[in-house]
Amino acid sequence: PPTPPAAQPPSMFITKVTYKSSSAEGTTRRFVVEEPYTYAGLWDIVAKRFELPEGALGHLRYTDPDGDLVTVNTDEELHEALQLIKDVEPPLLRMQLHVENGKDEGNGAAAPAVNANAWAGALSDDRLSTASSDSCVVVTDPAVETEKLEQEAKLKAEAEALANARAEEEAKQIAAEIEAKERAEEEARAKAEQERLQAEAEAAAQREEAERRAAEEAARVAAEVEARELAEKQEAERAAAAAAARVAAEAEAAEAAAAKKAAEEAAAKKAAEEAAAKKAAEEAADRERRAAEEAARRADEEALRMEEENERQARLDIARAQAEEDAYHRINALVKMGCSEAQLRAIYAPRLLAHVEEFKVQAAAEAELAALEQADVSAMSEPVVNWEAAKAEAEQEQAESVSSQIDQGRVDAVGDLAAKLTAFYWEVNPSSLAKVNQLVADFANDEEKLNSLLRARYGRDLTIIEIGGAIQAEAEAIQAEAIQAEAIQAE
């Protein structure tokens, strides 16, 4: 950081200098010192005030705040002393004067006293010298001795009178000197008092000037503060007005934005309602379309189901007709072979035996015709008949007939299983309809195992499916008859 400037000493200060000699109590002089401050200038003022002889040597001292006596001989030391009183009001520096080489002439009253003491000493020495000049002579004459004593007394009286006169004169002189000194001191005190009063007046004037300047400065500062406060007030009013205008503008903008937002919301709501209505109409149309498609699909499915049912019924009718025709052929063959009606009734249902009489008549006619033909052939030539080959051929034809009847029963059974599986999957799982042919091929001879698998998966089996009541019974009866005929043939 920059070094702060040194404190400046006061523009003027008051000095009180005290001078004490060996034979006097001391003298104090008071005077005002103005700039520029130098030790040489201060010493000249002190020498003149104390009337020191020209060329007198000495120095000044002051007591610092620590109580030490500090000697001043240079300008720097004088400035250091002035720094100690720069904040004192009024600025006062107390100093002591010390004169070197015993030159105390400046005191004015000490010198005559010293001279008088010296003169009294000299007088005493003369008296002693006179008294001791014949100290080695022995006097034996009393008259001479008496005269001598009288003379000595007379001389002593004269000397004392002279000394008293001189002493009185010296006393008068000393009194005059003291009076002069007192007058001088009184004049000096008056002058010092005048100087003090002048210094005080000057200090008062300076204080008044400082107070006036301070008042002016205070007035200026107050005016500046007032002007600043007024400016701040005006600025605050302008800021408040601007803020109010801004708030009003913001409120207006907010109202406009709110109105715009309300309009946008109303438009959005209207658009949403229109979109919702359009969507509802589309959904209704879509539902109607899906309902129509579903109805069409169901109609198609129903038509397909009816078609399949009709086809299955037609197939069952064909199978029944074929079974009945085969049964009729078997019955006819049995009649030709000579089976009785009781034997036929034990094998076939009564309704299939309604044409037994016709079969018998037809068989009789065929036998008669065969006999006639045989008679004709015999009449013409009687061929050799291989009865073993004919018998084997007849047995083979009968076996093939029975086998075809068994195969036809198996075909009917496979058709029934396929019909029941198709009806079952239509009810429980239409997506598995494509598996019907494979399942029929795998389980044609083991429908019970197929039913157990269906129960494990769907909880029900093919027993829930009914195929046309009487037709199913007839098909089962035909199948049973075919199996029974196969058994008889095997016997």
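Which residues have the most contacts inside the largest nonpolar core? The close-ups below answer that and then look around, always keeping in mind that this is a predicted model.

**View 1. L60 and L97 sit at the heart of the contacts in the largest nonpolar core.** This core has 26 residues, and L60 and L97 are the ones with the most contacts inside it. Six elements, namely β1, β2 (27-34), α1, β3, α2 (75-83) and β5 (92-99), each supply at least two of the core residues. The element that gives the most is α1, with five residues. If you like a rule of thumb: in soluble globular proteins, nonpolar side chains tend to be buried together.

**View 2. Here we zoom in on L60 and the residues it touches.** Leaving aside neighbours within four places in sequence, L60 is in contact with a whole crowd, including V17, Y39, L42, W43 and V46. M95, Q96 and L97 are also among the contacts of L60. L60 even stands opposite L97, which belongs to β5.

**View 3. Five strands line up as an open sheet.** Read across, the order is β2-β1-β5-β3-β4, and the pairing is mixed. The edges are β2 and β4 (69-72), each of which pairs on one side only. On average, neighbouring strands are turned by 35 degrees against each other, direction ignored. Between β3 and β5 there are four bridges, and these two strands run antiparallel.

**View 4. Strand β1 has β2 as one partner and β5 as another.** With β2, the pairing is antiparallel and covers eight bridges; look for T18, whose bridge partner in β2 is T28. With β5, β1 runs parallel, and six bridges join the two. V17 stands opposite M95 of β5. Six of the eight residues of β1 are buried, so this strand is largely enclosed by the rest of the structure.

**View 5. Two helices, α1 and α2, meet the strands.** Helix α1 packs on the sheet and touches β1, β2, β3, β4 and β5, with its direction at about 100 degrees to that of β3. Helix α2 lies across β1, β3, β4 and β5, and runs at about 135 degrees to β4.

**View 6. Y19 and F50 make one aromatic pair, in a structure that holds five.** Their ring centres are 5.9 Å apart with 70 degrees between the planes, an edge-to-face arrangement. Y19 lies in strand β1 (residues 12-19) and F50 in the loop between α1 (39-49) and β3 (58-63), so the pair ties together parts that are 31 residues apart in sequence. Are these two rings buried or exposed? Y19 counts as buried because its relative accessibility is 3%, and F50 counts as buried at 3% too. R29 joins the scene by lying over the face of F50, at 5.2 Å from the ring centre.

**View 7. A second, separate core of 13 residues includes F424, along with L417, L421 and I465.** F424 is buried, with a relative accessible area of 0%. The rings of F424 and Y458 have centres 5.8 Å apart and planes at 75 degrees, so this pair is edge-to-face. F424 lies in helix α7 (residues 387-428) and Y458 in helix α9 (residues 447-458), so parts 34 residues apart in sequence get tied together. Y458 counts as partly exposed, at 23% relative accessibility. Ring pairs link F424, Y458 and also Y425 into a cluster.

Notes:
Residues are numbered from 1 along each chain as its sequence is written. This is a predicted model: local features need pLDDT of at least 70, side-chain atom pairs count only at pLDDT 80 or more; totals for chains, interfaces and linings use all residues. Side-chain values use heavy atoms; hydrogens and water are left out. Rings of Phe, Tyr and Trp (its six-membered ring) pair if their centres lie within 6.5 Å; planes under 30 degrees apart count as stacked, over 60 as edge-to-face and the rest as tilted. Buried means under 20% relative accessible area, exposed over 50%, partly exposed in between (1.4 Å probe, protein chains only). A charge sits over a ring if NZ of Lys or CZ of Arg is within 6 Å of the ring centre and within 35 degrees of the ring normal. A nonpolar core is a set of buried Ala, Val, Leu, Ile, Met, Phe, Trp, Tyr and Cys residues joined through side-chain atoms within 4.5 Å. Contact means heavy atoms within 4.5 Å. Two strands pair if DSSP finds at least two bridges between them. Axes are lines fitted to C-alpha atoms, for helices over the stretch in contact, and angles run from 0 to 180 degrees between N-to-C directions.
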